[in-house]
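Me: Please take a close look at one part of this model, a sheet and the helices that pack on it. Keep the sentences short and give the cut-offs.

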Amino acid sequence: MADLLRLLLRVSEKAANVARVCRQEALLFQLLVQEKTGEDKNKKFVQDFKTLADVVIQEMIRHDVGAQFPEMAGFIHGEESNKFENGLGESVTVTVCSTEEETATLLATVLDGDHTAASLLAQAIHQDPETIDANADRMTIPLRPSELGIWIDPIDATSQYIEGREEVLKEGHLCPSGLHCALVLIGVYLRSTGEPVMGVINQPFHHKDPAGGGWRGKQYWGVSCGGVNVCSVSRPGGGAEEDRGPSVVLSSSEKQAVKEALTSLCGPDKLMYASGAGYKILCVIQGLAHAYVLSEGSTFKWDSCAPHALLRALGGGVVDLTKSLQSDCGAQGQETELTYHQPSTKHSGAERWANHGGLVAYRDISQLRRILTSLKVKLTVLNRCA
Ligand code: 2IP
Ligand code: CA
Ligand code: CA
């Protein structure tokens, strides 16, 4: 199934092009940042252009994957629905057509007749992307399309994408907010067990082309199944784990009790904050933090599936925090790992797919154990291990 990986890399690159074009083309950018106030609010253009960018990206991925792998067509899910209501209250189903012209015509109806904006978007959707990672070609992946499902977050950290603050990234440093936190996430899971087996993360705004050609992106990918564990990000070099506390990245809206519990484990300088659920897991993948702890159910299957696959390929994972705190010390691992195939029966709508128990993303199981042990003691939740 190396051809699925290649396809996901290609389609994630097209998604990144759509995300970039929406910021780079003045006309689309204007729609993206348009403040809708008063009278204007319901009259003109789309109800929310940023939602359109998301919907377009998701549908494009669904279209391209379904076309090459028809067995997967009914199992490609994402954050967005393809029903879109334009500023005139008309409901339009956004689909990617077989030609650029047809797609442009359809998008123009969503964009209240703005043909120029529609053509720019259609062009990015139908363009063949530049080269992809050649290393992805040389693999044999023991998976069949009929056993797989997909979770897509077309743009994670939308607020950072819209705000658009440009940061210059420094190698080896976590940069808490800015355009680079916006990611395209495509995760593949096994329908039978819900295990994440393949993931592609595209960071459309990784660096600026020094020759003035605009933003350039970066791709990260991983495969973890049937004894194959390959990741485009390398494992950390040897050497003993530090004796001092682990470093942990959190959402700035994390609960005070959790921040305090982790401060006493890590020390204040090892607690970091960053935007974007996907970006925080990417920081763990890159070794910029030992773990990402989230105590609330504010992420969804489409946020965690792709980066989870990369972490597994590196020997780490993403566990359900609540379940992990309830389980015995030795039971951390397989049975508490997040899965992606079953909705919660206690919830409806998008909430069915939330990671309700919170999560811990980690690369090294010994760091996971330290964090969980400390949280159990400090939060005195089912304190059976202490
Ligand atoms: C969001 C986004 C937010 C994150 C939230 C996600 O997804 O990643 O940044 O909150 O959990 O659901 P935080 O940054 O506080 O971790 P989206 O941007 O796709 O809505
Ligand atoms: Ca998201
Ligand atoms: Ca999103």
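Reply: The part to look at is an open sheet of six strands, ordered β1-β4-β5-β6-β7-β8, with mixed pairing. Its edge strands, β1 (76–78) and β8 (228–231), each pair on one side only. From one strand to the next, the twist averages 15°.

This is a predicted model: local features need pLDDT of at least 70, side-chain atom pairs count only at pLDDT 80 or more, and totals for chains, interfaces and linings use all residues. Residues are numbered from 1 along each chain as its sequence is written, while chains are lettered from A and ligands numbered from 1 in the order in which they are written.

Now the terms. Helices (H or I, at least four residues) and strands (E, at least two) are DSSP runs, numbered from the N terminus. Two strands pair if DSSP finds at least two bridges between them. Axes are lines fitted to C-alpha atoms, for helices over the stretch in contact; angles run from 0 to 180 degrees between N-to-C directions. Contact means that the C-beta atoms of two residues, placed from the backbone, lie within 7 Å.

Inside the sheet, take β5 (residues 183–190) and β6 (residues 196–208). They pair in the antiparallel sense over six bridges. In this pair, Y189 stands opposite P196 in β6.

Two helices lie across the sheet. Helix α1 (residues 2–24) crosses β4 (148–156), β5, β6 and β7 (215–225). Its direction runs at about 35° to β6. Helix α9 (residues 277–285) also lies across β4, β5, β6 and β7. Here the angle is about 75°, taken to β5.
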